[in-house]
Amino acid sequence: MKIPDFEWDDQKNNENVTKHGISFYEAQYAFKDPKRVIAEDLGHSGKEKRYYCFGSVSNGILTVRFTHRSNKIRIFGAGYWRKGKALYEKENKLHK
């Protein structure tokens, strides 16, 4: 399996660290979780499809908002959100 390349805007990363306490560098690890859940962001109305990755990292279940651009995963948001944790747990109970 090819390891995906990640990218992000440094200013957005700094804002995310301030607001949610997690860097986009750390957020990459959610994608390494073999039980991760990927879901399309159906609430996003832009031209570009956006997604969520719910994955387990050292501090809990992390929700990462991302899109695909030029064969890279572009991260633009991450945090430990209850809704993401609940979805992760629900999906993994169904797939045991």
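Where is Thr-63 found? Thr-63 is in strand 4. I will start there and work outwards. Before that, one caution: what you see above is a predicted model. The chain has an average pLDDT of 90, and 94% of the residues score at least 70. Confidence is highest in helix 1, at 97, and lowest in helix 3, residues 82-94, where the mean is 89.

Back to Thr-63. Is Thr-63 buried or exposed? Thr-63 has a relative accessible area of 3%, and buried means under 20%, so Thr-63 is buried. If we set aside residues up to four places away in sequence, Thr-63 touches Tyr-52, Cys-53 and Phe-54, then Gly-77, Ala-78 and Gly-79, and also Trp-81 and Gly-84.

Take Ala-78 from that list. Ala-78 sits in strand 5. Its relative accessibility is 0%, so Ala-78 counts as buried. Which residues is Ala-78 in contact with, leaving aside its neighbours within four places in sequence? They are Asn-16, His-20, Ile-22, Phe-24, Ala-27, Leu-62, Thr-63 and Val-64. For a sense of distance, Ala-78 and Arg-65 are 13 residues apart in sequence, while their C-alpha atoms are 6.1 Å apart in space.

Leu-62 and Val-64, which are among those contacts of Ala-78, bring us to the core. The largest nonpolar core has 15 residues. Phe-31, Leu-62, Val-64 and Ile-75 have the most contacts inside it. Which elements each supply at least two residues of this core? Helix 2 (24-27), strand 3 (51-57), strand 4 (60-69) and strand 5 (72-79) do. As a general point, nonpolar side chains tend to be buried together in soluble globular proteins.

Look at Leu-62 in more detail. Apart from residues up to four places away in sequence, Leu-62 touches Ile-22, Glu-26, Ala-27 and Ala-30. Leu-62 also touches Cys-53, Phe-54, Gly-55 and Val-57, and then Ala-78, Gly-79 and Tyr-80.

Strand 4 also holds Gly-60. At 25% relative accessibility, Gly-60 counts as partly exposed. Not counting residues up to four places away in sequence, Gly-60 touches Gly-55 and Tyr-80. Gly-60 and Lys-49 are 11 residues apart in sequence, and from C-alpha to C-alpha they are 26 Å apart in space. Set that beside the pair I gave earlier, Ala-78 and Arg-65, which are 13 residues apart in sequence and 6.1 Å apart in space.

Now the loop between strand 4 and strand 5. Ser-70 lies in this loop, and so does Asn-71. Ser-70 has a positive phi of about 50°, although it is not a glycine. Asn-71 is likewise a residue other than glycine with a positive phi, near 60°. Are these two buried or exposed? Ser-70 has a relative accessible area of 69%, so it is exposed. Asn-71 is at 80%, and it counts as exposed too.

Next, helix 1. This helix covers residues 10-20, and at its start a side-chain oxygen of Asp-9 reaches to within 3.0 Å of the backbone nitrogen of Gln-11. His-20 is in helix 1, and at 29% relative accessibility it counts as partly exposed. Leaving aside neighbours within four places in sequence, His-20 is in contact with Ala-78, Gly-79 and Trp-81. His-20 and His-44 are 24 residues apart in sequence and 20 Å apart in space, C-alpha to C-alpha. Just after helix 1 comes Gly-21, with a positive phi of about 75°.

Last, the aromatic residues. How many aromatic pairs does the structure hold? It holds six. One of them is Tyr-52 with Phe-54: the ring centres are 5.8 Å apart and the planes are at 20°, so the pair is stacked. Tyr-52 is partly exposed, with a relative accessible area of 23%, whereas Phe-54 is buried, at 6%. Both Tyr-52 and Phe-54 were on the list for Thr-63. Phe-6, Phe-31, Tyr-51 and Phe-66 form one aromatic cluster, and Phe-31 was named earlier for its contacts inside the core. Finally, Arg-50 lies over the face of Phe-76, at 4.1 Å from the ring centre.

That is the end of my part.

Note on methods
Residues numbered from 1 in each chain as written. Heavy atoms only, no water. Core = buried A, V, L, I, M, F, W, Y, C linked by side-chain atoms within 4.5 Å. Buried < 20%, exposed > 50% of the residue type's maximum accessible area, 1.4 Å probe, protein only. Helix = DSSP H or I, 4+ residues; strand = E, 2+ residues; numbered from the N terminus. Contact = heavy atoms within 4.5 Å. Polar contact = N/O pair within 3.5 Å; in protein donor to acceptor, adjacent residues only side chain to side chain. Phe/Tyr/Trp six-rings, centres within 6.5 Å; stacked < 30°, edge-to-face > 60°. Lys NZ or Arg CZ within 6 Å of the ring centre and 35° of its normal. pLDDT = per-residue confidence, 0-100.
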